[in-house]
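Student: I am new to this structure. Could we go through it together, asking how each label is earned?

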Amino acid sequence: MNGIGATDRRTLLKGAALGAVMAVPGAALAKDDVAILRKTIAAGHDAAIKRLRDWIALPTIAAEGRNVKEGAAYMAELAREAGFQHVEIVPTDGLPGVFATMDNGAKKTLALYFMYDVKQFDPAEWTSPPLDGKIVDRAGLGKVLVGRGAVNQKGPESVVLAALAAMKAAGRKPPVNLVLMCEGEEEIGSPHFTQIVRRPDVTAALRKCVGAVIPSAWQSPNDGAAEINLGAKGIIECELIASGEKWGRGPAKDLHSSMKAVVDSPAWHLVQALQTLVSADGNTPAIDGWFEKVRPLTEREKALIADSAAKHSEATAKQQMGVKHFINDLSWGETQQRLASQPTVNIEGLIAGYTGPGGKTILPSRAVAKLDMRLVPNQTHDDCVTKIKAHLAKRGFADVEVKVTGGYDPTETDENSSLIKAELATYQRAGVKTSVYPRLAGSWPGYVFTSAPVSLAAGQFGFGHGSGAHAPDEYLLIESTNPKVLGYDDSVMGFIDFFYQIAATG
């Protein structure tokens with residue numbers, strides 16, 4: 001195992017940002033408790049990293065039906081080890097989830113959202129095996145753990161588990177009660193998560209919560225800045241399928257391509273259908289009625305975006321994404337407004353005919369486009385699916401099948417909620433430069449918490465840094481060489497402080 005020695009960890013903890021700033025604790029976390037918890041976290045470091053590596057070695061991939069039962073069972077075991085008294089695997093019409101509660105006799109209760117599934121991967125694209133969880137040196141960052149799920153989301157979730165393990169080992173009861181909601185289908189659009197959340201006893205437990213958080217590790221690798229999102233875009237994940245069988249034209253099975261002179265092509269039929277969904281440059285949805293419910297940005301949201309843009313570097317953002325231009329070469333501020341306010345129609349992949357080496361000269365009988373559409377307030381998943389089907393039918397593409405594989409509505413949370421106040425206070429006490437942004441451009445199924453019948457504040461929270469979600473060489477920072485960016489153990493201490501801040505925030 002590529003571990004970090006205890007001496008190195010102690011040196012790191014002494015020099016990190018939390019060591020300097022959180023030595024003056026807030027929210028009822030006493031100085032003596034801070035010192036004891038730091039020692040306990042350091043002592044449990046190797047066990048925490050092993051826990052994460054073992055978890056990474058067991059990938060649940062919903063799209064492939066991989067490790068379905070094993071993933072749920074392992075998630076349940078992790079919850080029990082963390083101290084949750086009630087833990088159960090909850091079946092759904094799809095993959096099972098896990099529901100757990102921890103009663104600490106506290107006045108306040110916090111909901112935690114975990115996903116235990118990960119995206120697919122091709123080992124050939126990785127410089128380190130995706131299931132090994134190796135710790136390697138990364139220039140400009142320090143030591144990072146590389147593996148599928150390292151940052152999305154097992155790494156940040158393991159930080160929370162390590163925080164609970166440290167408190168348990170130190171004989172300190174968490175200052176809040178906890179409700180843990182876990183699913184194994186987030187990476188396919190959470191199609192059955194509502195079946196867990198809306199079970200009467202689960203809903204009753206969530207109604208007692210002050211809010212719900214998904215652990216994150218999104219500190220900037222440059223200046224350690226963190227962003228608090230007041231919501232997230234919703235999503236529709238679907239496939240558009242054109243076939244000779246359903247179209248009534250084109251071949252029933254693949255033909256020699258010489259027959260294109262007299263036979264229609266389902267692949268071109270699909271391409272023509274796709275072209276109707278967006279503007280000529282591919283950047284603006286053109287689906288009938290797509291914008292009729294879109295809520296424009298408020299003046300407050302515009303002000304938050306302007307503040308966030310001023311605190312972030314356009315050049316750094318482009319470098320991290322590997323792009324030289326943003327759409328229409330808009331200014332940085334306009335780009336940030338577009339990122340928060342615009343719904344999208346994106347092609348994830350196109351599949352038709354032969355895709356191997358060389359050519360095969362066939363006329364494919366079937367073509368598939370994998371799409372995702374990001375939704376903004378006040379769009380809804382169901383209304384938008386209806387609009388897509390109606391749009392295609394109106395233009396002569398009723399035969400193109402719209403196969404919805406997952407998705408959900410966007411979320412919104414009041415910036416004056418106690419959850420957001422607690423996040424801000426915890427970041428500020430740690431000396432982390434913080435900005436507030438109207439909504440995450442990505443998506444998570446937070447709508448199950450923010451919408452009725454639960455209606456909670458919800459968002460992301462955490463320290464540390466990671467990157468490469470859904471991509472090769474996904475990683476989580478373990479030992480940071482930048483004092484502004486927290487490594488693993490300091491991130492654990494930061495989440496403990498967040499628990500105390502939740503307990504103290506009105």
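Tutor: Gladly! In helix α10 (residues 266-275), the buried residues are Pro266, Ala267, His269, Leu270, Ala273 and Leu274. This is a predicted model, where local features need pLDDT of at least 70, side-chain atom pairs count only at pLDDT 80 or more, and totals for chains, interfaces and linings use all residues. Residues are numbered from 1 along each chain as its sequence is written, and side-chain values use heavy atoms, leaving out hydrogens and water.

Student: What makes the buried residues of α10 line one face of the helix?

Tutor: Seen down the axis of α10, they fall within an arc of 160°, so they line one face. The arc is taken from the directions from the helix axis to the C-beta atoms. The face turned away from the buried side carries the exposed residues Trp268 and Gln275.

Student: Why is cysteine 182 called buried?

Tutor: Buried means under 20% relative accessible area, exposed over 50%, and partly exposed in between (1.4 Å probe, protein chains only). Cysteine 182 has a relative accessible area of 0%, so cysteine 182 is buried.

Student: How do you know that cysteine 182 has no bond to the closest cysteine sulfur?

Tutor: A disulfide is a pair of cysteine sulfur atoms within 2.5 Å. The sulfur of cysteine 182 is 13 Å from the closest one, in cysteine 209, so that is too far for a bond. Cysteine 238 is in no disulfide either, with the nearest cysteine sulfur, in cysteine 384, 11 Å away. The structure holds zero disulfides.

Student: And what is the relative accessible area of cysteine 238?

Tutor: The value is 3%, so cysteine 238 is buried.

How values were computed
Helices (H or I, at least four residues) and strands (E, at least two) are DSSP runs, numbered from the N terminus.
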